[in-house]
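Colleague: I want to learn how to read a few features from coordinates. Could you take me through them one at a time?

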Amino acid sequence: MAKQKQIYECQACGYQSPKWMGKCLNCGEWDSFVELNKFEIASQNTKSTPSKIIPIDEIKEDEIERFSSGIDEFDRVLGGGIVPGSLVLIGGSPGVGKSTLMLKIASTLNKKVLYVAGEESPGQIKLRANRLNAHNKNLFLFPEIILENIAKEIKNYELIIIDSIQTIYSEKITSAPGSVSQVREVTFELMRLAKELKIPIFIIGHITKEGSIAGPRVLEHMVDTVLYFEGDASREIRILRGFKNRFGSTSEIGIFEMTKTGIDSAKNKTFFSKKSQIGSAITVIMEGSRALVIEVQALVAESYGNPKRSTTGYENNRLNMILALLEKKLNLPFNQYDVFVNITGGIKISEPAGDLAVIAAILSSFRDRAISKETVFIGEVSLVGDIRDVTSLDLRLKEAKNLGFSKAIVPSKPIENHIKTYVVNEVEKLIDWM
């Protein structure tokens, strides 16, 4: 009788070896190899019938049907609504509000929803449901962590929520929940059921300190959509951002607000103050098709030693570049000052259109002179000192006008005259305007 082949797998990255190793050659993790059992090896060696090759001209496009989640901000990030048969992963740090968001959605849907609770007790979830007023007769709670038991119940419901993927395990796999083998097996089975039964399944997953989904990267590759729920636990604002979406764009964001009664859409939330203050400037950034008017705050203080540079919501390397540019072009001695930049409301600027507002806020703090709150600053600043055009300028100015702003400092004239504009194409000219 032939000896059974042995395979060991790293539980950190999925690397496989015919023998046990103390350190993984692929990811460098120590003591992470676990021997696969005969069922796991057999599932990887299963032979399948090859599919038929089809000319692309003969393939018909799939018509994507959607239904609303009942929350506009959530639908926006998904690309217009929930797609039947989709597998959606929602990641976020512990306590950010992932379970609260999904329970809120489950309570607003006019569909039969199964909430699989792998982490919290039914009593804990009931307390959250009372706070959210999530008393929907079509919402059912299933405290279960065994995949095979969950699979038996899925066909009886119209939407499934798994909370969380790190707690679910298959009895066929000997490794611990959250390991590579378990996550791969559980996710593959959930994906098969979602496609076969045309039932949307939402998976909740925690993120690590590095900001990635806890567990193997294979989880993100297998699902249809990956959403990240971001926010500081000390602030009310939460941002839902798409990082992968097979049924829509990944550039949209959803804005939510945590309240005493749960979580609500915050599409009309403002991220600026209309009061003129020293070290404050307003800009307009784009998040997908949405224009957001936000406030940039800067503090310039005399340094006693090595000058400090610190940012919140803005890239620190870009701040260093801007300060070097101001020293070079304007002969300002920022090497003798501490500089701190903050983007209000917990928003993060991921595009360069806010550069001009950052410079305006820094100069305002340095000169101890307040900027008019009727003005917005829009423009990208280059290393050579010129201010360059940004995309969707007309859309940004239209949003600024809707919120009561009357002036804009921009790198070029817009196509439409929404508000009064002043063209500034070099950093030196910004000094003259201020």
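Colleague: How many disulfides does the count come to?

Modeller: A disulfide is a covalent bond between the sulfur atoms of two cysteines. This is a predicted model. Here the count comes to 0 disulfides.

Colleague: Why is there no bond between cysteine 10 and cysteine 24?

Modeller: Look at the sulfur atoms, with a cut-off of 2.5 Å. For the sulfur of cysteine 10, the closest cysteine sulfur is in cysteine 24. The two are 3.7 Å apart, so they are too far for a bond.

Colleague: Is cysteine 10 buried or exposed? And cysteine 24, buried or exposed?

Modeller: Buried means under 20% relative accessible area. Cysteine 10 has 0% relative accessibility, so cysteine 10 counts as buried. Cysteine 24 has 2%, so cysteine 24 is buried too.

Colleague: Now strands. How many residues of strand E16 are buried?

Modeller: Strand E16 spans residues 337-343, and 5 of its 7 residues are buried. That makes E16 mostly covered.

Colleague: Which way do E14 and E16 run, parallel or antiparallel?

Modeller: Pairing is read from the bridges. Strand E14, residues 290-302, runs antiparallel to E16, and 7 bridges join them. One bridge pairs glutamine 297 with asparagine 342 of E16.

Colleague: And E15 with E16, parallel or antiparallel?

Modeller: Parallel, with 4 bridges between E16 and strand E15, residues 309-312. Threonine 311 sits opposite valine 341 in E16.

Colleague: What is the handedness of the crossover from E15 to E16?

Modeller: Follow the chain from strand to helix to strand. From E15 the chain passes through helix H8, residues 316-330, to E16. This β-α-β crossover is left-handed.

Notes: Residues are numbered from 1 along each chain as its sequence is written. This is a predicted model: local features need pLDDT of at least 70, side-chain atom pairs count only at pLDDT 80 or more; totals for chains, interfaces and linings use all residues. Side-chain values use heavy atoms; hydrogens and water are left out. Buried means under 20% relative accessible area, exposed over 50%, partly exposed in between (1.4 Å probe, protein chains only). Helices (H or I, at least four residues) and strands (E, at least two) are DSSP runs, numbered from the N terminus. Two strands pair if DSSP finds at least two bridges between them. A crossover is right-handed if, with the strands pointing away from the viewer, the path from the first strand over the helix to the second runs clockwise.
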